[in-house]
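Could you walk me through how to read a model like this one, feature by feature? I'd like the general idea each time, and then the actual case.

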Amino acid sequence: MAGMDLRQLSSFVQVAELGSFTRAAAVLRVAQPAISRQVRALEVELRQTLFERNGRGVTLTPAGTRLLAHGRGILQQVQRAVQDLEEQRGAATGMVSIGLPPTLSRTLTAPLVEAFRERFPRAGVSVVEGLTHYMLEWLVQGRIDCALVYNAAPSSQVALAPVLEERLHLISARAAAGARLRPVTLADLATRELVIPSRPHALRMRVETALAEAGLTPRVALEIESVGAMLALVQRHPLHAVLAVTALQGQADGAQLQARPILIAPKRPLTTSLSLATSAQRPRGPLLEQAAALLAQLARTAQDASPP
């Protein structure tokens with residue numbers, strides 16, 4: 001693969017992501033024939049067809065799909081190498097990519113971006129949403145720089161720093177006025193029809209583990225990944241969800257929902273562990289160090305501000 005260069009790889013990634021040679025040429029500000037030549041040279045070098053051409057644009061072949069995953073990682077690693085050299089001078093410059101779980105993305109993304117832009121005006125940030133097991137893979141691959149993850153196991157490839165313990169609550173449609181809200185036991189939880197994410201979502205695994213330790217199993221009515229959709233279904237149907245109360249922040253219909261703490265034992269709530277994850281195999285420059293600290297701080301602030 002001695003003939004493959006970064007320009008060819010960059011052109012290929014742009015075409016793949018945009019689905020069009022014309023749009024890729026416009027983004028890269030080069031002539032379309034030049035883009036076509038670079039991609040064709042890459043196909044010749046690899047002896048693989050990377051795109052299927054059609055009248056509406058292009059689609060990836062299986063080989064192209066695999067190269068896209070590698071290509072993104074390679075280009076991001078090059079960008080980080082340049083950034084690392086800049087950061088030797090102590091300046092918080094460059095680009096940082098942050099991963100957030102769906103349960104926190106809705107409430108944290110806006111304040112995170114606003115605080116980041118104010119604190120690091122010379123740097124850029126991208127925020128991606130994903131489940132914990134995906135984000136840990138992305139960290140190892142170099143696709144993201146840090147992430148908030150739930151119940152992650154220690155690993156030689158990923159460094160984990162505890163951020164907080166989130167109490168889990170049973171989210172239900174609001175009861176009649178004056179009704180007393182009692183904590184929920186695991187036995188009670190096992191009788192409820194749940195709308196809950198599918199495996200291996202960290203929340204699903206935490207609930208199943210807690211119930212299994214008590215000799216119980218959950219009654220899963222629906223498997224839904226979206227927090228907003230879960231809350232809408234709970235509000236409209238006799239269903240329940242298990243979430244941290246931070247999920248109710250910014251919810252327009254939050255007043256029509258109620259949250260009751262789930263107890264494993266008397267005075268022992270069911271919790272989930274939130275950690276800050278970074279790569280254990282790549283250096284952490286000033287920008288990443290400060291951005292990671294900011295992310296952890298905002299997560300703690302969001303928990304403090306959550307409804308009781």
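What follows is a short dialogue about this predicted model.

Q: Let's start with the overall picture. How many helices and strands are there in the protein?
A: The protein has 10 helices and 13 strands. Its C-alpha trace spans about 70 × 50 × 35 Å along the principal axes. Of the 308 residues, 45% count as buried.

Q: And what share of the contacts with a separation of 6 or more comes from residues 24 or more positions apart?
A: That would be 73%.

Q: Now the nonpolar cores. What's the general idea, and which residues have the most contacts inside the largest one?
A: In soluble globular proteins, nonpolar side chains tend to be buried together. Here, the largest nonpolar core has 29 residues, and I171, L189, V242, L243 and I262 are the ones with the most contacts inside it.

Q: Which elements each supply at least two residues of this core?
A: There's a mix of strands and helices. On the strand side you have β6 (158-173), β8 (193-196), β10 (241-244) and β11 (257-265). On the helix side, α7 (186-189), α8 (202-213) and α9 (227-236) do the same job of supplying at least two residues each.

Q: Can we zoom in on one of those residues? What does I262 touch?
A: Leaving out residues up to four places away in sequence, I262 touches L168, H169 and L170, then V184, L186 and L189, plus V242, R268, P269 and L270. Two of those names, L189 and V242, already came up among the residues with the most contacts inside the core.
There's also a second, separate core of 28 residues, which includes L164, L288, L298 and A299.

Q: On to the aromatic rings. How do I describe a pair, and how many pairs does the structure hold?
A: A pair of aromatic rings is described by the distance of the centres and the angle of the planes. This structure holds four aromatic pairs. Take F21 and F51: their centres are 5.9 Å apart with 70 degrees between the planes, an edge-to-face arrangement.

Q: Where in the chain do F21 and F51 sit?
A: F21 is in helix α2 (residues 21-28) and F51 is in strand β1 (residues 51-54), so the pair links distant parts of the chain, 30 residues apart. Both F21 and F51 are buried. Ring pairs also bring in F12, giving a cluster of F12, F21 and F51.

Q: Next, charges. How many salt bridges are there, and what should I look at for each one?
A: There are nine. For each, check the atom distance, the place in the chain and the burial of both partners. E43 and R40, for example, have their closest N and O atoms 3.5 Å apart. They're separated by about one helical turn because they sit three residues apart in helix α3 (residues 32-46).

Q: Are E43 and R40 buried or exposed?
A: They differ in class: E43 is buried at a relative accessible area of 3%, while R40 counts as partly exposed at 48%.

Q: Which residues are linked in a network of salt bridges?
A: R199, R204, E208 and E223 are. Within it, E208 and R204 have their closest N and O atoms 2.7 Å apart, and both lie in helix α8, four residues apart, or about one turn. R204 also forms a salt bridge with E223, at 3.0 Å between the closest N and O atoms. E223 is in strand β9 (residues 219-223) and R204 in helix α8, so this pair ties together parts 19 residues apart in sequence.

Q: How buried are these partners?
A: R204 is buried at 4% relative accessible area, and E208 counts as buried at 15%. E223 is partly exposed at 46%.

Q: One last case: a buried charge without a partner. What is the nearest side chain of opposite charge to R282?
A: It's D145, 4.9 Å away; R282 is buried yet has no salt bridge. The cut-off for a salt bridge is 4 Å, which means a 4.9 Å separation doesn't count.

Q: Then what does the side chain of R282 reach?
A: Two backbone oxygens: that of L139 at 3.0 Å and that of I144 at 3.4 Å. R282 itself is in the loop between β13 (271-279) and α10 (286-304). Beyond its neighbours within four places in sequence, R282 is in contact with Q77, R80, L139, V140, G142 and I144.

Conventions
Residues numbered from 1 in each chain as written. Predicted model: local features only at pLDDT ≥ 70, side-chain atom pairs only at ≥ 80, totals over all residues. Heavy atoms only, no water. Core = buried A, V, L, I, M, F, W, Y, C linked by side-chain atoms within 4.5 Å. Buried < 20%, exposed > 50% of the residue type's maximum accessible area, 1.4 Å probe, protein only. Contact = heavy atoms within 4.5 Å. Phe/Tyr/Trp six-rings, centres within 6.5 Å; stacked < 30°, edge-to-face > 60°. Lys, Arg positive; Asp, Glu negative; His and termini not counted. Polar contact = N/O pair within 3.5 Å; in protein donor to acceptor, adjacent residues only side chain to side chain.
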